[in-house]
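These are my notebook entries on one structure, written down in the order in which I looked things up.

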Amino acid sequence: MEILGINGSPRGANSMTMKLVEAVLEGAKEAGAETKLIDLCSLKIDYCDACGVCYKKGKCVHEDDFGQVYDEIMASEGLVLGSPVYFGLVTAQMKTLIDRMSDAIHCQLLFGKYACAVSTAGSQGHQEVEDYINRIMVAMGANAAGSAGADMAVPNGMAEAMEKAFKLGQTLVADIKNKAVYVEQEEVHKMIKEQFGKIVDANKDEWTHEYEHWTKMGWL
Ligand SMILES: Cc1cc2nc3c(=O)[nH]c(=O)nc-3n(C[C@H](O)[C@H](O)[C@H](O)COP(=O)(O)O)c2cc1C
């Protein structure tokens with residue numbers, strides 16, 4: 001079982017968010033998983049051009065580092081995405097990665113995977129960022145196992161978040177082993193699948209790759 005961590009802070013080894021991503025991976029490792037870590041900001045990932053080629057061919061036109069990250073995401077059973085709070089949202093680097101995954105939301109490519117989120121803030125907003133990341137993971141088909149985060153202004157906040165993050169890694173592995181079902185997320189999956197099923201069907205002549213994927217999955 002492979003769990004992949006992706007940190008969206010540009011501060012590399014100094015990143016507090018990185019520490020939380022690593023704590024999740026440590027928890028997952030202790031529970032028996034193999035882990036990998038991607039420092040997103042050390043890679044070159046261009047903005048999505050909205051050209052729609054991935055809808056047609058299942059592959060992006062950009063020749064950059066996105067492909068290797070996407071392959072790692074697809075190869076993993078569990079994901080932990082981390083981002084610091086930047087003006088109330090994820091960092092631009094994390095948002096750029098998410099935008100490049102339009103095909104994943106259309107084709108529900110994270111279906112069957114489990115994900116979780118971590119975030120740190122200078123003073124406020126980590127919970128919103130955690131919720132945002134998990135919402136996107138669920139929208140792409142994954143099951144969200146929870147989140148952990150800290151506000152740097154709160155004494156002991158980081159220590160508590162580290163503990164929570166470690167346990168979250170263990171939960172992620174247990175969820176994968178037990179094929180945990182989150183009833184309220186199943187409702188969201190159903191709704192989003194209906195919505196994108198209609199969109200893909202309506203565009204079947206143009207979005208051939210996506211239509212083939214939906215047909216192959218037996219979802220249409
Ligand atoms: C451009 C920028 C925007 C930020 N915006 C916020 C913010 O909106 N709210 C907040 O509480 N902290 C904000 N911060 C502080 C970071 O969220 C905080 O220092 C975080 O712990 C950094 O995480 P890192 O160590 O993983 O990079 C911002 C920092 C930067 C550089």
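**Strand S4 and its partners**

I began with a pair of bridged residues: alanine 121 has aspartate 151 in S5 as its bridge partner. From S4 the chain passes through helix H6 (residues 126-139) to S5, and I noted this β-α-β crossover as right-handed, a term used when, with the strands pointing away from the viewer, the path from the first strand over the helix to the second runs clockwise. Helices (H or I, at least four residues) and strands (E, at least two) are taken here as DSSP runs, numbered from the N terminus.

I should record early that this is a predicted model, in which local features need pLDDT of at least 70 and side-chain atom pairs count only at pLDDT 80 or more, while totals for chains, interfaces and linings use all residues. Residues are numbered from 1 along each chain as its sequence is written, and side-chain values use heavy atoms, with hydrogens and water left out.

I then looked up how S4 pairs, where two strands count as paired if DSSP finds at least two bridges between them. Seven bridges connect S4 with strand S5 (residues 143-151) in the parallel sense, and strand S3 (residues 78-84) is likewise joined to S4 by seven bridges and runs parallel to it. On the S3 side, I found glycine 82 opposite valine 118 of S4.

Is S4 buried or exposed? Eight of the eight residues of S4 (residues 114-121) are buried, so the strand is largely enclosed by the rest of the structure; buried means under 20% relative accessible area, exposed over 50%, and partly exposed in between, with a 1.4 Å probe and protein chains only. In a regular strand the side chains alternate between the two faces of the sheet. In S4, Tyr114, Cys116, Val118 and Thr120 point one way and Ala115, Ala117, Ser119 and Ala121 the other, and all of them are buried.

**Two residues of S3**

Leucine 79 lies in strand S3 and is buried, at a relative accessible area of 1%. Neighbours within four places in sequence aside, I list its contacts (heavy atoms within 4.5 Å) as Leu4, Ile73, Leu110, Tyr114, Ala115, Cys116, Met137 and Leu172.

Serine 83 is also in S3, and at 0% relative accessibility it counts as buried. Not counting residues up to four places away in sequence, serine 83 touches several residues, among them Thr17, Val118, Ser119 and Thr120. Its side chain reaches the backbone nitrogen of threonine 91 at 3.0 Å, which I enter as a polar contact, meaning a pair of N or O atoms within 3.5 Å where, within protein, one must be able to donate a hydrogen and the other to accept it, and residues adjacent in sequence count only if both atoms are side-chain atoms.

**Around the ligand**

Which residues come nearest to the ligand? Of the 16 residues around it (one heavy atom within 4 Å), these are Ser9, Arg11, Ser15, Thr17 and Val85. I noted that an N or O atom in the side chain of threonine 17 is 2.6 Å from an oxygen atom of the ligand. A polar side-chain atom of threonine 120 lies 2.7 Å from a ligand oxygen, and a polar backbone atom of glycine 88 is 3.1 Å from one.

**Threonine 96**

Threonine 96 has its place in helix H4 (residues 92-99) and counts as buried at 9% relative accessibility. A polar atom of its side chain lies 2.7 Å from the backbone oxygen of alanine 92, and, leaving aside neighbours within four places in sequence, threonine 96 is in contact with Ile45, Asp46 and Tyr47.

**Cysteines and positive phi**

I checked for disulfides, counted as a pair of cysteine sulfur atoms within 2.5 Å, and the count comes to zero. The sulfur of cysteine 48 is 6.6 Å from the closest cysteine sulfur, in cysteine 54, and is therefore too far for a bond. For cysteine 51, the closest cysteine sulfur is in cysteine 60 at 6.2 Å, again too far for a bond. Cysteine 48 is partly exposed at 37% relative accessible area, and cysteine 51 is partly exposed at 41%.

Finally, alanine 50 has a positive phi, near 60 degrees, in a residue other than glycine; I place alanine 50 in the loop between strand S2 (34-39) and helix H2 (53-57), where it is exposed at 66%. Asparagine 156, not a glycine either, has a positive phi of about 75 degrees, sits in the loop between S5 and helix H7 (157-178), and is exposed with a relative accessible area of 52%.
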